[in-house]
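Here is a short briefing for a first look. Keep the sequence and the 3D view open as you read.

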Amino acid sequence: MARSWRAFEHGHVRRGPGLRLRITLLATGLVALVGATLLWLGWMLVGNVVAAVPRLPEGSVVRVEGQDVPATGVSAALRDNAREQVLTIGVPAFVAVVLAAAVLAWTVTGRVLRPLKDVTDSARRLSAESLDARIRLSGPRDEVADLADTFDAMLDRLQATFDSQRRFVANASHELRTPLAVIRTELDVTTSDPGADSAEFRRMAGVVREAASRSERLVGALLLLARTEGVELAVWEPVDLTELVRRSWRPLSEEVQRRELHVDGYGEPAYAVGDPALLERVVGNLLENAVRHNVDGGWVEATTRHGPQWTSLCVRSSGTEITLDQVESLFEPFHRAGVARTARAGTGLGLSIVRAAVAAHGGRVRAEPVGAGGLSVTVDLPRAQ
């Protein structure tokens, strides 16, 4: 029982004869069946042919293998003798053919199934720390090779996912540790100061409140990203992206005025289909990203349009210069264009949430740098019919 449990833990529990043995037994059985059928047909055919020998005159005697046989029994004697010869030669040949078929089937099956064994061995060696193992099967491009290539492609996706997850966890830990460190430092410094007065404690409370608010925003963004990635939407209804743009500007109006940003937003009603709350978050994140990573006195432009299949929202803004190589990394969690990782503006998850939410709607996101500095992000969503 203990041995069986250990085998189960290591994934080596046998559910029955192996595939190689089953194929060998099947091939050997078929050869044996065909051989036995041919031997029986030969035995019957020889007997029938000999029995068709012309009859001899009555009273004649024929010597068969040193024995005198009456003419009436010649046919039976020849038939029995022929059938005995067929069995004498055919049975050893039958046994030899069956054994040869078994050996050949075992050998050929082993060579054919060897790539499958490589796939199995690679799967058993896999863990989160050894996802770089690949089969890379060479040889003819047959079904087994397709299976090995598919397995390698699956490992590539798994490794990319695990690497992204490790980076995400590391970045999330770093981002959460920063406000916690601020809170602890403020508490330690203020409480250890014997001359701290009420004004100092109020200043400390303001810093702690800001750090706690940042942590709360970060946790909320993480939860939203976790709920968005790889899920199917429960709500599908027409949503006017132009109206969402108008509503999303309101919470940003104070920051837009303070930084003297020039804002342009135009476009006719453009209806997409999806979750209204999630699409509002997409629009809000794009506008927040355009405002917070802009330059004082810069500009922001938000346009909507609809085509035969897609309804699009394009948000363009001025800002720091971004190279084409940096564009894709902007959609990675906790990456902020031209902003230090510990900056207090935003959570670094805005564009990551945008990409996940758009993917959940079956849409697509494109981004490209603006020539004089800044970023242009275009979101295409399924058009409402």
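**Proline 308 and its surroundings**

Proline 308 sits in the loop that links β6 (299–306) with β7 (310–318). The model shown is predicted. The points below start from this loop, then turn to helix α2 and a pair of strands.

**The loop**
- Proline 308 has 80% relative accessibility, so it counts as exposed; the cut-off for exposed is over 50%.
- Proline 382 is 74 residues from proline 308 in sequence. In space, the two are 9.6 Å apart, C-alpha to C-alpha.

**Helix α2**
- Helix α2 covers residues 19–51, and threonine 28 is part of it.
- Threonine 28 counts as buried because its relative accessibility is 14%, and buried means under 20%.
- Leaving aside residues up to four places away in sequence, threonine 28 touches Val98, Ala101 and Ala102.
- Tryptophan 40 also belongs to helix α2.
- Trp40 joins Val34, Leu38 and Leu41 in a nonpolar surface patch of about 420 Å².

**Strands β3 and β5**
- Strand β3 (residues 237–240) and β5 run antiparallel, joined by four bridges.
- Valine 239 has alanine 272, in β5, as its bridge partner.
- In a regular strand, side chains alternate between the two faces of the sheet.
- Strand β5 (residues 271–274) shows such alternation. Ala272 and Gly274 point to one face and are buried. Tyr271 and Val273 point to the other face and are not buried.

Terms used:
Residues numbered from 1 in each chain as written. Predicted model: local features only at pLDDT ≥ 70, side-chain atom pairs only at ≥ 80, totals over all residues. Heavy atoms only, no water. Helix = DSSP H or I, 4+ residues; strand = E, 2+ residues; numbered from the N terminus. Buried < 20%, exposed > 50% of the residue type's maximum accessible area, 1.4 Å probe, protein only. Contact = heavy atoms within 4.5 Å. Patch = residues over 30% accessible without salt bridge, like charges linked within 9 Å, V, L, I, M, F, W, Y side chains within 5 Å. Areas by Shrake-Rupley, 256 points an atom, 1.4 Å probe, with all protein chains shown as cover. Salt bridge = Lys/Arg side-chain N within 4 Å of Asp/Glu carboxyl O. Pairing = 2+ DSSP bridges.
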